[in-house]
Amino acid sequence: MIQILNLGGSLETYLVLGALLFGFGLFGMALRKTFIGMLIASELILSGASVNFMAFNHFLAPDPTVGQIITLFIMAIAAAEAAIALSIIIAIYRNYRSIDADTPAELKG
């Protein structure tokens with residue numbers, strides 16, 4: 001029981017957590033058929049990368065601000081990606097009344 005509580009103090013725990021988030025994101029990107037599902041999966045991928053940057057920063061980097069700055073940059077990219085993707089999804093929904101990823105494949109020209 002005590003070993004389970006001490007898992008948060010090792011780099012490997014955070015790397016496994018980051019890899020799981022990244023893997024779930026890739027799995028979701030491959031299997032989701034709607035744009036909203038793909039957007040959520042891409043956020044999981046970015047979260048997995050952020051966890052890994054923070055873990056390496058906490059355990060290995062001499063400067064504690066580098067990992068935090070990179071994580072803030074990833075969060076800014078995720079916010080911009082979500083805003084752009086949602087605007088594209090809304091535009092597709094207005095034209096096709098569907099958010100399935102297969103629907104825009106029927107575009108002409």
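Let's start with helix α3: its 25 residues, at 1.5 Å each, should span 36 Å, and the end C-alpha atoms are 36 Å apart, which agrees. This is a predicted model, so every value here is computed from predicted coordinates.

**The fold in outline**

The protein has 4 helices and 0 strands. Read from the N terminus, the order of elements is α-α-α-α. Of its 109 residues, 23% count as buried. Taking contacts between residues at least 6 apart in sequence, 58% join residues at least 24 apart.

**Helices α3 and α4**

Helix α4 can be given the check used above for α3. With 32 residues at 1.5 Å a residue, α4 should span 46 Å, and its end C-alpha atoms are 46 Å apart, which agrees.

How do α3 and α4 pack, in angle and in distance between axes? Their angle is about 175°, and the axes are 9 Å apart. That makes α3 roughly antiparallel to α4, since an angle over 145 degrees falls in that class. Sorted by class, the contact of α3 with α4 has 16 nonpolar, 7 polar and 2 charged residues.

The buried residues of each helix show where it packs. In α3 they are F35, G37, L39, A41, S42, I45, G48, S50, A55 and N57, and they pack against α2 and α4. In α4 the buried residues are G67, T71, I74, A78, A82, A85, I89 and I92, and these pack against α3.

**Between α2 and α3**

Two residues, G18 and L44, give a closer view of α2 and α3. G18 has its place in helix α2, while L44 is found in helix α3. Is G18 buried or exposed? At 0% relative accessibility, G18 counts as buried, because the cut-off for that class is under 20%. L44, by contrast, is partly exposed, with a relative accessible area of 30%.

Setting aside residues up to four places away in sequence, G18 touches G48, V51 and N52. One of these, G48, is also listed among the buried residues of α3. L44, with neighbours within four places in sequence left aside, is in contact with L21, F22, F24 and G25.

Two C-alpha separations involve L44. The C-alpha atoms of L44 and L26 are separated by 8.4 Å, with their positions 18 residues apart along the chain. For G18 and L44, which are 26 residues apart along the chain, the C-alpha separation is 9.4 Å.

**One aromatic pair**

How many aromatic pairs does a search of the whole structure find? The search finds 1. In this pair the rings of Y14 and F59 have their centres 5.9 Å apart and their planes at 40°, so the pair is tilted. Y14 lies in helix α2 (residues 11-31) and F59 in helix α3 (residues 35-59), so the pair ties together parts that are 45 residues apart in sequence. Y14 is partly exposed, with a relative accessible area of 31%, and F59 is partly exposed, also with a relative accessible area of 31%.

**After α4**

Helix α4 is followed by R97, whose phi is positive, near 55°. R97 is a residue other than glycine with a positive phi value, and it lies in the segment after α4 (65-96). R97 is exposed, with a relative accessible area of 60%.

S98 lies in the segment after α4 too. Unlike R97, which is exposed, S98 is buried, with a relative accessible area of 16%. What does S98 contact, leaving aside its neighbours within four places in sequence? Its partners are I92, Y93 and T103. Of these, I92 is also one of the buried residues of α4.

**Accessibility side by side**

The table gathers the accessibility values discussed above.

| Residue | Relative accessible area | Class |
|---|---|---|
| G18 | 0% | buried |
| S98 | 16% | buried |
| L44 | 30% | partly exposed |
| Y14 | 31% | partly exposed |
| F59 | 31% | partly exposed |
| R97 | 60% | exposed |

Conventions: Residues are numbered from 1 along each chain as its sequence is written. This is a predicted model: local features need pLDDT of at least 70, side-chain atom pairs count only at pLDDT 80 or more; totals for chains, interfaces and linings use all residues. Side-chain values use heavy atoms; hydrogens and water are left out. Rings of Phe, Tyr and Trp (its six-membered ring) pair if their centres lie within 6.5 Å; planes under 30 degrees apart count as stacked, over 60 as edge-to-face and the rest as tilted. Buried means under 20% relative accessible area, exposed over 50%, partly exposed in between (1.4 Å probe, protein chains only). Contact means heavy atoms within 4.5 Å. Axes are lines fitted to C-alpha atoms, for helices over the stretch in contact, and angles run from 0 to 180 degrees between N-to-C directions. Angles under 35 degrees count as roughly parallel, over 145 as roughly antiparallel, 65 to 115 as roughly perpendicular and the rest as oblique. Ala, Val, Leu, Ile, Met, Phe, Trp, Tyr, Cys and Pro count as nonpolar, Asp, Glu, Lys and Arg as charged, and the others, Gly among them, as polar. The expected span of a helix is 1.5 Å times one less than its number of residues.
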